[in-house]
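Here's a quick tour of a small set of computed features, from the overall fold down to single residues. Have a look at the sequence and coordinates before reading on.

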Amino acid sequence: MAREKRYSELNEYELNQEIASLRDKARKSEQMGMVSELAVYERKIAMAKSYMLNPDDFKPGEIYAIDGDPGSFFKIDYMNGVFAWGERLNGDGKEEALPISLLLKLEQNQM
């Protein structure tokens, strides 16, 4: 049995294929009302998308909007691969990691 490749080992074409497949599975889960399965596919899509971005474009100290969570903002403390570690503004102050595909650059005056 062939070992499944990690997202970090896939090229952009393969990542796009994986994302399309995951979106199809997510759509089917949603139609069947399988909420927890849908959430798993959405997290996998976010991870795969993160490997198509350049982590160097995300800077510690900067604040980003969080995709899928309107009105929430995230301040990066440090980067580790495709994860930004930091905390949500107006959150509980706990450190957490988000895949960089969930971080949106702020337009001026967005906050």
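What follows covers the fold, one helix, the nonpolar core and the largest pocket.

Keep in mind that this is a predicted model. The protein chain has 2 helices and 5 strands, and reading along the sequence you get the pattern α-α-β-β-β-β-β. The C-alpha atoms fill a box of roughly 45 × 30 × 25 Å along the principal axes. Of the 111 residues in the chain, 27% are buried. If you take contacts between residues at least 6 apart in sequence, 41% of them join residues at least 24 apart.

Helix H2 (35-50) is a good place to zoom in. Does the length add up, and what should it be? With 16 residues at 1.5 Å a residue, H2 should span 22 Å, and its end C-alpha atoms are 23 Å apart, so the two agree. Buried residues in H2 are Leu-38, Tyr-41, Ile-45, Ala-46, Met-47, Ala-48 and Ser-50. Their cover includes H1, strand S3 (83-88) and strand S4 (96-99).

One spot where H1 meets this helix is Ser-29, which is found in H1. Ser-29 counts as buried because its relative accessibility is 1%. Leaving out residues up to four places away in sequence, Ser-29 touches Met-34, Glu-37, Leu-38 and Tyr-41.

Now for the core. The largest nonpolar core has 21 residues, and those with the most contacts inside it are Tyr-7, Phe-58, Phe-74, Ile-76, Ala-84 and Leu-103. H1, H2, strand S1 (63-66) and strand S2 (73-80) are the elements that give it two or more residues. H2 supplies the largest share of this core, 5 residues. Looking at Leu-103 and setting aside its neighbours within four places in sequence, you find contacts with Phe-58, Tyr-64, Ala-65, Phe-74, Ile-76, Ala-84 and Leu-98.

Finally, the open space. The largest pocket has a volume of about 330 Å³. It is lined by 15 residues, and the closest to its centre are Glu-42, Arg-43, Ile-45, Ala-46 and Leu-102. Both H1 (12-31) and H2 (35-50) supply at least two residues of the lining, with H2 giving the most, 6 residues. Here's how the lining divides by residue class:

| Class in the lining of the largest pocket | Count |
|---|---|
| Nonpolar | 6 residues |
| Polar | 2 residues |
| Charged | 7 residues |

Ile-45 and Ala-46 turn up twice here: they are among the buried residues of H2 and among the residues closest to the pocket centre.

Methods: Residues numbered from 1 in each chain as written. Predicted model: local features only at pLDDT ≥ 70, side-chain atom pairs only at ≥ 80, totals over all residues. Heavy atoms only, no water. 1 Å grid on protein atoms, 1.4 Å probe; cavity = no way out; pocket = protein on both sides within 12 Å on 5 of 7 lines; lining within 4 Å. Points joined across faces, edges and corners; volume = space filled by probe spheres on them. Helix = DSSP H or I, 4+ residues; strand = E, 2+ residues; numbered from the N terminus. Nonpolar A, V, L, I, M, F, W, Y, C, P; charged D, E, K, R; others polar. Expected span 1.5 Å × (residues − 1). Buried < 20%, exposed > 50% of the residue type's maximum accessible area, 1.4 Å probe, protein only. Contact = heavy atoms within 4.5 Å. Core = buried A, V, L, I, M, F, W, Y, C linked by side-chain atoms within 4.5 Å.
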